[in-house]
Amino acid sequence: MAQAAAGRKLVTLIPGDGIGPEVVRATQAVIEATGASIDWEERQAGASIFRQGLPSGVPEDTIESVNRTRVVLKGPLETPVGFGEKSANVTLRKLFETYANIRPVRELPGVTTPYSGRGVDLVVVRENVEDLYAGIEYMQTPGVAECLKLISRKGCEKIVRMAFEFARSEGRPVVHCATKSNIMKLTEGMLKRTFEEIAPEYPDVESNHIIIDNCAHQLVKRPEQFDVIVTTNMNGDIISDLSSALVGGLGFAPSANIGNEVAIFEAVHGSAPKYAGKNVINPTALILTGVMMLRYLGEAEAADRVENAVLVTLESGVRTRDIAGDRDGASTTDYTKAVISHLNDRSGAWSVRERRPLQLPQVSAEPVTVRPGSRRDIGVDLFIESDLDPRALGKSLEALVEGTRLSLYGISNRGTMVYPSKGRSNADCIDHWPCRFMLRDAAAGLTDADLLDLLQRVSGTHRWVHLERLPLYDDERGFTRAQGED
Ligand code: NAP
């Protein structure tokens with residue numbers, strides 16, 4: 001087991017897949033050339049491990065190393081698409097609860113884009129472990145797939161506090177919270193509500209909410225208006241790639257996954273397999289990621305030197321193929337040598353930001369239980385797979401629950417109310433029907449006996465595939481209406 005020499009920090013180094021080893025070696029060389037007090041412990045994850053038959057893509061000795069070093073510098077890991085194994089990246093982020101993904105986007109000298117000269121300088125703070133990325137998926141029927149979007153109050157609080165703390169540490173005056181709360185009022189709405197509750201604790205930082213689609217539009221139209229954007233996992237994934245394109249593309253986009261115990265530093269980009277081994281890709285994203293890691297480890301001077309060296313290199317006109325083109329682009333190794341040669345130079349056109357150490361939000365590691373003053377269930381949605389038309393299904397279900405405490409309130413199909421239809425719906429129905437049953441006496445509260453009785457009655461005639469309780473918390477509905485429901 002490797003150990004750092006006295007006074008030095010040990011970092012787990014994961015070369016990764018595709019272009020990973022090239023960008024990792026480049027970054028390692030630059031950091032070593034600063035003389036920073038860092039030792040490396042190399043471990044594997046990703047494609048080679050999947051090929052050995054380990055479904056997580058992350059072997060035990062890598063997990064053990066991260067648990068010990070608590071800091072990782074990694075290359076991208078290839079993810080099988082659409083089937084089989086989970087992403088090894090997401091596994092690493094989740095295993096070590098690196099709940100915040102911080103993605104800075106800043107205009108760079110010598111990297112000409114349609115936005116050059118507008119001073120783009122923003123940071124996307126993306127929730128990193130919840131939302132659709134939890135990857136909880138089911139085939140409810142052979143033709144209907146489900147992905148659960150679980151968002152917790154605790155997860156929202158952590159990411160919102162991280163965004164405000166990050167803004168403070170970098171002296172950034174404004175935080176935008178970007179959500180789709182107009183449509184997903186409960187899930188995306190939870191981030192918005194939490195943001196609005198916590199914002200008054202940071203009176204020195206201006207807080208605004210913006211709908212995520214408009215945020216994407218504004219990022220393209222007037223990106224210089226943004227400073228810090230906090231958002232849910234999926235939204236953050238998309239807008240951070242979009243934002244990186246404003247300043248030259250994925251070759252310039254660094255990122256840090258931060259948790260209370262562990263931090264994993266990696267570029268935003270993936271393994272770009274078509275460029276693997278060709279010595280043509282841009283290592284800047286991971287080198288700037290290395291700058292974030294050096295700052296995290298308290299190596300501020302080395303961080304400033306590397307940041308300046310990248311800027312001076314770009315100012316000097318040494319650029320890789322992605323921006324200079326095939327004919328004029330420097331190779332990955334030549335570009336890296338140029339950066340190392342400028343480690344003692346300072347960019348005149350650039351200021352390194354004044355920073356205070358980031359205060360990690362103090363949110364208890366214990367499970368958080370949100371306790372309402374009152375709660376009761378007033379009905380149930382039972383999802384049924386059936387070839388019947390909505391009217392025939394409705395009549396059948398009404399007959400099955402006659403004389404019980406539950407009555408059929410309505411049937412929807414892909415979110416639209418289709419029974420009773422009132423003649424309004426043209427929904428193109430599929431064989432998957434969420435059927436809403438409500439207690440005839442809502443004050444009574446739904447019991448397990450009501451549920452079991454319902455399941456017994458329905459399952460004799462129909463195939464049910466999913467069930468959701470309909471709760472009231474403090475007399476507020478904990479469920480949504482179907483489209484078209486009054
Ligand atoms: P990608 O690897 O990021 O590549 C997309 C495109 O971005 C490349 O074709 C290239 O554009 C450009 N690019 C990316 N990195 C670059 C660099 N360092 N220098 C210059 N150009 C760069 O995305 P992908 O093709 O969608 O994903 C490939 C694999 O990586 C997948 O298995 C995916 O799951 C995985 N992935 C891993 C991570 C991670 O480990 N954190 C993140 C994202 C994706 P041009 O074609 O225009 O030259």
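The following questions and answers deal with cysteines and a ligand in a predicted model.

Guide: In this predicted model, local features need pLDDT of at least 70 and side-chain atom pairs count only at pLDDT 80 or more, while totals for chains, interfaces and linings use all residues. Residues are numbered from 1 along each chain as its sequence is written, and side-chain values use heavy atoms, with hydrogens and water left out.

Visitor: How do you know that Cys147 is in no disulfide?

Guide: A disulfide is a pair of cysteine sulfur atoms within 2.5 Å. A search of the whole structure finds zero disulfides. For Cys147, the nearest cysteine sulfur belongs to Cys156 and is 17 Å away. Cys215 is in no disulfide either, as the nearest cysteine sulfur, that of Cys177, is 9.8 Å away.

Visitor: Why is Cys215 called buried, and why is Cys147 called partly exposed?

Guide: Buried means under 20% relative accessible area, exposed over 50%, and partly exposed in between (1.4 Å probe, protein chains only). Cys215 has 0% relative accessibility, so Cys215 counts as buried. Cys147 has 32%, so Cys147 counts as partly exposed.

Visitor: What makes the approach of Lys274 to the ligand a polar contact?

Guide: A polar contact is a pair of N or O atoms within 3.5 Å; within protein, one must be able to donate a hydrogen and the other to accept it, and residues adjacent in sequence count only if both atoms are side-chain atoms. An N or O atom in the Lys274 side chain is 2.8 Å from a ligand oxygen. Polar backbone atoms are 2.7 Å from a ligand oxygen at Gly270 and at Ala272.
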